[in-house]
Each structure stands twice: as C-alpha cells, then as structure tokens.
Amino acid sequence: MTLHYPAPGASPASIQITREGRLKHFLTIEGLNRALITEILDTAESFASMNDQSVKKVPLLRGKTVINLFFEASTRTRTTFELAAKRLSADVLNINIGQSSAVKGESLLDTLRNLEAMYCDMFIVRHADSGASQFIAHHVAPHISVLNAGDGRHAHPTQAMLDMFTIRRHKGDFTKLRVAIVGDILHSRVARSQIHALNILNTGEVRVIAPKTLLPAEVEKLGVHVFHDLEQGLRDVDVVIMLRLQKERMQGALLPSEHEYFQLYGLTEERLKVAAPDAIVMHPGPANRGVEISSRVADGPRSVILEQVTNGIAVRMAIMSMVMGANPGGAA
Ligand code: NCD
C-alpha cells in the first residue's frame with residue numbers, strides 16, 4: 001500500500017508548534033517565526049561552547065530515548081544527530097531501513113507502533129518521500145517528538161539551521177548580506193529550507209544560480225533573484241552555498257555532462273574573485289569535487305564546510321532539547 005503524503009488536514013507548520021508557541025516537532029522551516037529561529041541559534045551558541053570542554057555532556061535528556069530512523073543513506077546528519085543526543089545524555093538507537101518500496105504504507109506504521117512500544121521519546125526521520133516525517137508526526141503517540149532529517153525534495157530544516165548558525169557566526173547581521181545558492185536547486189531539500197530560513201531572517205538578498213533545467217518552476221515566488229550565469233550571480237556576494245548535483249534524483253538527462261557542468265557552474269578560485277573579498281564558501285556535503293566545486297576551493301581559506309559539520313552538533317542539541325521542553329539554561 002502506498003501512503004499519500006502529507007497526511008490530510010494538518011499543515012506541517014501547524015503541527016510542529018504547540019498552542020503555547022513551543023516547538024513540539026521540527027519538520028520544516030516554513031511557517032516558523034524569526035523569534036523562534038533566533039532562539040534556536042542562541043541556544044545552539046550555548047551548546048557550541050561545550051565542544052572545548054573535556055566533559056562534553058549535559059544531563060538535559062537523561063532517561064529519554066531517541067531513535068534515529070533512517071530510510072535513506074546519510075553520513076553527517078545521522079552521526080551528528082547521534083552525537084547530539086549522546087551529549088544531551090539520551091539513549092540512542094540507530095535503525096537504518098534499506099530503501100525499498102516495501103518500506104511504505106502499513107509497514108511504516110507497523111514499524112512505528114513497534115518502536116513506540118519500546119517507550120521512545122523522539123524519532124529522527126530521514127525518508128525519500130516528501131512529507132514522510134509529517135506523516136509520522138501525525139501518527140505518533142502524543143508524547144513523542146519527530147525531527148525531520150530530510151524528506152525527499154521537500155525539507156531539511158536542521159541542515160538549514162546549522163547553515164544559518166554558521167553564517168551568523170561569520171557575518172552577524174543577515175539584513176546586510178547577499179547570499180547565493182548555486183547548483184541543483186530543483187532536487188535540493190536543503191536549498192528550499194535555506195531559502196525559507198534566509199527570508200525569515202530578513203537576508204538582504206537571496207540569489208539562486210543554476211541552469212534552467214535545475215530550477216523549480218516559479219522559483220522566484222520563494223523570494224529569490226534568479227541568475228543563470230555564475231559570474232554575474234556571484235558578484236559581490238558575502239556567502240556562497242554550493243549544492244551537490246543530485247544524480248540519484250534526476251530523471252532523464254538534465255545536463256550535458258559533468259565536465260561541461262564544471263566548466264559553467266563549478267566553483268573555482270578564479271570565479272570566486274568576483275565575490276566579496278571576505279566571502280565564505282559553504283556546502284552541505286557530500287561534495288562532488290571537480291563537478292560543482294574544485295578541491296582548491298573546498299579545502300581553501302574561504303571554505304567553512306567542516307565548520308558546518310561541527311556546528312551541526314550544537315544546533316541539533318538545541319533543537320532536541322527544545323522539543324523535549326528541557327531547559328537549555330542548564331547547558332552553560
Ligand atoms: C544533503 C541531504 O541529504 O539532503 N546532505 C546532508 O544532509 N548534509 C544534501 C545532499 O544529499 O546533497
């Protein structure tokens with residue numbers, strides 16, 4: 001049986017916030033307000049200072065059980081969620097369910113019921129179908145929180161939050177910034193969540209740079225300026241976010257060849273010269289070197305790619321403690 005996502009009736013924005021305005025699930029950036037996004041970033045800042053301590057643990061989620069429920073491959077996201085949960089003293093279970101069409105419909109609900117029977121408190125869900133984490137949030141027992149770790153092409157809200165955290169640490173005020181997102185916007189849940197977050201934070205200008213075949217229809221309606229030429233789009237930007245060509249999501253030939261793509265859209269040191277002199281380069285990973293980014297840029301002085309990975313731990317700790325209603329004041 002195939003389920004129809006999202007579950008009818010409730011929008012993700014409405015089910016992730018309680019009547020009192022508290023974060024209950026974390027499914028999408030859309031519909032969040034600036035105060036809540038800023039609270040997540042500030043809370044993450046207090047956890048980030050823990051990285052320098054020899055004992056990297058706080059007891060905020062002691063006694064809670066977190067289940068990493070990954071129906072799709074992941075390296076950074078799964079491991080940083082696991083580390084974040086462990087640093088909050090939660091018990092963590094990793095369940096990697098191979099991607100197959102059998103993992104749908106009633107079997108998904110059965111899996112949930114079985115996991116619920118083990119007294120868990122939080123599901124971290126990655127799934128190839130857009131709306132899957134919302135569907136799960138709609139069906140879990142009321143005490144359980146669901147965090148979206150990437151659903152189809154729809155959203156990857158914790159990635160967007162760690163990217164905002166990284167930008168804020170380097171650049172401060174969003175209202176003065178020009179941010180360019182480059183590459184396969186069409187298939188990217190990361191880009192969608194980043195665009196929503198950047199706009200909620202009142203970013204000066206958000207640009208997308210891509211060939212027409214890799215842009216969603218009516219992308220301008222998301223509140224971005226569209227460029228098809230890399231050099232024009234990169235002019236004077238403060239932040240460059242590169243995206244992976246998501247070949248596994250492409251149907252048919254959207255591109256001539258990887259070599260030609262690199263010639264037109266690959267980020268090189270030479271091309272970066274038109275950006276602001278202190279521009280930072282970001283990538284959510286995994287990066288295809290020589291396809292969307294040269295190794296010299298990925299490993300170069302402007303790159304903050306590994307900082308993004310590190311920041312993922314503090315940001316995920318912040319979101320996990322907030323959905324559980326734990327007082328992060330105790331983190332300091
Ligand atoms: C991204 C994802 O899975 O959406 N990676 C990540 O979580 N860091 C981006 C990608 O797969 O290209």
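The exercises below work through the domains, sheets, ligand site and backbone details of a predicted model.

Residues are numbered from 1 along each chain as its sequence is written, and side-chain values use heavy atoms, with hydrogens and water left out. In this predicted model, local features need pLDDT of at least 70 and side-chain atom pairs count only at pLDDT 80 or more, while totals for chains, interfaces and linings use all residues.

**Exercise 1. Find which residues belong to each domain of the protein chain, and how far apart the C-alpha centres of the domains lie.**

Step 1. The assignment places 12-152 + 310-323 in domain 1 and 157-301 in domain 2; such bounds come from an automatic or database domain assignment.

Step 2. Between the C-alpha centres of domain 1 and domain 2 the distance is 26 Å.

Step 3. For the interface, contact means heavy atoms within 4.5 Å. By that criterion, 31 residues of domain 1 touch 22 residues of domain 2.

**Exercise 2. Determine the strand order of the four-stranded sheet, and why β2 and β4 each have one side without a neighbour.**

Step 1. Helices (H or I, at least four residues) and strands (E, at least two) are DSSP runs, numbered from the N terminus. Two strands pair if DSSP finds at least two bridges between them.

Step 2. The order is β2-β1-β3-β4, in an open sheet with parallel pairing.

Step 3. Because β2 (91-96) and β4 (145-151) are edge strands with a single partner strand each, one side of each has no neighbour in the sheet.

Step 4. Neighbouring strands are turned by 15° against each other on average, direction ignored. Axes here are lines fitted to C-alpha atoms, for helices over the stretch in contact, and angles run from 0 to 180 degrees between N-to-C directions.

Step 5. Five bridges link β1 (residues 65-70) with β3 (residues 122-127) in the parallel sense, and Asn68 stands opposite Ile124 in β3.

Step 6. Across β1, β3 and β4 lies helix α12 (residues 305-323), at about 145° to β4.

**Exercise 3. Describe the five-stranded sheet and the helices that pack on it.**

Step 1. This open sheet has the order β7-β6-β5-β8-β9, again with parallel pairing.

Step 2. β7 (225-227) and β9 (280-282) are at the edges with a single partner strand each, so one side of each lacks a neighbour in the sheet. The average turn between neighbouring strands is 20°, direction ignored.

Step 3. β8 (residues 239-242) runs parallel to β9 and is joined to it by three bridges; Val240 has Val281 in β9 as its bridge partner.

Step 4. Helix α6 (residues 157-171) touches β8 and β9 and makes about 170° with β9. Helix α7 (residues 189-200) touches β5 (178-182), β6 (205-209) and β8, and makes about 170° with β5.

**Exercise 4. Identify which residues are around the ligand and how much of its accessible area the protein covers.**

Step 1. With a heavy-atom limit of within 4 Å, the residues around the ligand include Thr77, Arg126, Arg189, Arg244 and Gly285.

Step 2. Polar contacts are pairs of N or O atoms within 3.5 Å. The side chain of Thr77 has an N or O atom 2.9 Å from a ligand oxygen atom, and a polar side-chain atom of His156 lies 2.7 Å from a ligand oxygen atom. For Gln159, a side-chain N or O atom is 3.3 Å from a ligand nitrogen atom.

Step 3. Of the 310 Å² of accessible area that the ligand has on its own, the protein covers 93% (Shrake-Rupley method, 1.4 Å probe).

**Exercise 5. Locate the cis peptide bond.**

Step 1. The bond joins Gly285 and Pro286, with omega about -5°.

Step 2. Pro286 sits in the loop between β9 and α11 (295-298).

Notes
Polar contact = N/O pair within 3.5 Å; in protein donor to acceptor, adjacent residues only side chain to side chain.
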